Structures are given as C-alpha cells and as structure tokens.
Amino acid sequence: LLGIARVPQTVPPRATDIARRPQPYAVLHASPFFRYKQWHADGWRALARFLSERGLQVIATGGPGERERNYLDEVWNQAPGVERLDGRLSWPALTCLLTDAQIFIGPDTSVTHLAAASGCPTVALFGPTDPRRWGPWPLEGLREPWQQSQAVQRRGRVWLVQNPLPGMPCGLEGCLRHVGSHSLCLDQMPVGVVLGAVQEALAEHSLEGGAAPKTSLFSPPTPSIADRN
C-alpha cells in the first residue's frame, strides 16, 4: 500500500563484543523448546567428536531453564572437551558468537533461525515440522522455497537435514501427538547424513574464506573475532 518494495533479507540482533577465542570453533545447540524436536544424544556426542577431531573447539549453547540444563547434562557430561555456555549468553552476545563460528548445528528452534540470520554456516535438523513453513531463512533471504521432504537440501549458507520417512513431515507434535513426545524420524535420523551435511558446510565455508556475507541491511557493527587483537 505504501509502494515500498519487498526486501527478502533478515536482520539479526545487533552483535555485541565477546572475548576473542584462540582457535576456530563450532556451536552446537542440542536442546529445542519441545521434546518432539530433539535429535538423539548419541548423535550430538558423535558430532562433537567429529568436529573436535578436525581441530574445532566445540561450544554448546542452551537456555537457563532447569529442565533444559538437566537434558544438556545428559548429553554433554559424557563428551569431554565441550565448552558449555548454556544459560550464560544474552541474545546479542549469542549473535556475536554465531557470526564468527565456523559452523552451527541445531534443531528446529529459535537459535537455529538466529544462526541462519547471522550468516553463519548452519545445519538445521528437522523432524515432524514442515520446512516449507518453518525452515530457516539465510541472511541474504530465502530466494527459493524449501522442499517438503529431502534428506539434505541447501539454501544459501543453510543446510536443512531430514529423515524423509514415508509421510514426512507429518506436521504433528511427535509420534504421540503432544509436545513431550518422541519423534521416530529424529530418533532414527542417521548420524552419517548429518555429518555429511556438516562436512559440506565446513568445506564451503573454507572455500569462501570464512567471512560472513554482508548485505545492505546487515553489516556486523564490530570486527570479527578472527580480526580483533
């Protein structure tokens, strides 16, 4: 009505400065808001080992809630070398952490959308949720819609991984139809498919030189962690 053209770009929160990290790092966010969006703990631990073996510091993020903390204890207490920052970062500080990460891996939850919007190479693990409605938008905008179901699909710097069982995505709240339910598609999502997407994202990031793309709507207000003295 105002005659203003649409701009298909995303604008994340303004990043704030955080302490410089001595080595390249990956960010893992294992806990979605609802149980039915969880990937299995064995997968997260295998992913942490995979990244650590490639010289990346592994940082785990999460919220401050007691239930979430208990779940993350279960996941990460058996994964030595993982640095936990769950419950310790503000939203802008988390944006800064994500902007300079080599890669982010997370489920269908808000932090995964933030990672995609920051320009960080992002691997999103989707279960029952339909990515055509809820798939993350890359920083430069979603110029081609997500497909309904595919093992791995890519848009910009976002890789979306599914376990495309028959009838998926079902759009339901897990196999038991409530938010505390398990989801068979995620319980059986193969580690190898996720690692393949992660490997591709890391290789692409390396070819691009690691710099997050800049758009007319978003340019990081602070230098990257790698550039600061």
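## A tour from Thr109 outward

Start at Thr109: its relative accessibility is 11%, so Thr109 counts as buried, the cut-off being under 20%. Keep in mind that this is a predicted model.

**Stop 1: around Thr109.** Thr109 sits in the loop that links strand E4 (103–107) to helix H4 (110–118). Which residues does Thr109 touch, leaving out those up to four places away in sequence? Select His29, Pro32 and Phe33. Thr109 contacts each of these.

**Stop 2: strand E4.** Now select 103–107, the strand just before that loop. Is E4 enclosed or open? Five of its five residues are buried, so the rest of the structure largely encloses E4. Show the side chains and look at their directions. Ile103, Ile105 and Pro107 point one way from E4. Phe104 and Gly106 point the other way. Residues on both sides are buried.

**Stop 3: the neighbours of E4.** Add strand E1, residues 25–28. E1 and E4 run parallel and are joined by three bridges. One pair to pick out is Ala26 with its bridge partner in E4, Ile103. Next add strand E5, residues 122–125. How many bridges join E4 to E5? There are four, and these two strands also run parallel. Here, select Phe104 and its bridge partner in E5, Thr122. Then trace the chain from E4 through H4 to E5: this β-α-β crossover is right-handed.

**Stop 4: the loop between E7 and H6.** Move to the loop between strand E7 (158–161) and helix H6 (184–187), where Pro169 lies. Select Met168 together with Pro169. The peptide bond from Met168 to Pro169 is cis, with omega near -5°.

Stay in this loop and go to Arg177, which also lies between E7 and H6. Arg177 is not a glycine, yet it has a positive phi of about 65°. Is Arg177 buried or exposed? Arg177 has a relative accessible area of 53%, so it counts as exposed, for which the cut-off is over 50%.

**Stop 5: colour by confidence.** Finish with pLDDT. The protein chain has a mean of 89, and 91% of its residues reach 70 or more. Where does pLDDT stay under 50? Select residues 215–229. The model has 30 contacts for this stretch beyond four places in sequence. Where pLDDT is low, predicted coordinates should not be read in detail.

Definitions and conventions: Residues are numbered from 1 along each chain as its sequence is written. This is a predicted model: local features need pLDDT of at least 70, side-chain atom pairs count only at pLDDT 80 or more; totals for chains, interfaces and linings use all residues. Side-chain values use heavy atoms; hydrogens and water are left out. Buried means under 20% relative accessible area, exposed over 50%, partly exposed in between (1.4 Å probe, protein chains only). Contact means heavy atoms within 4.5 Å. Two strands pair if DSSP finds at least two bridges between them. A crossover is right-handed if, with the strands pointing away from the viewer, the path from the first strand over the helix to the second runs clockwise. pLDDT is the predictor's confidence in each residue, from 0 to 100.
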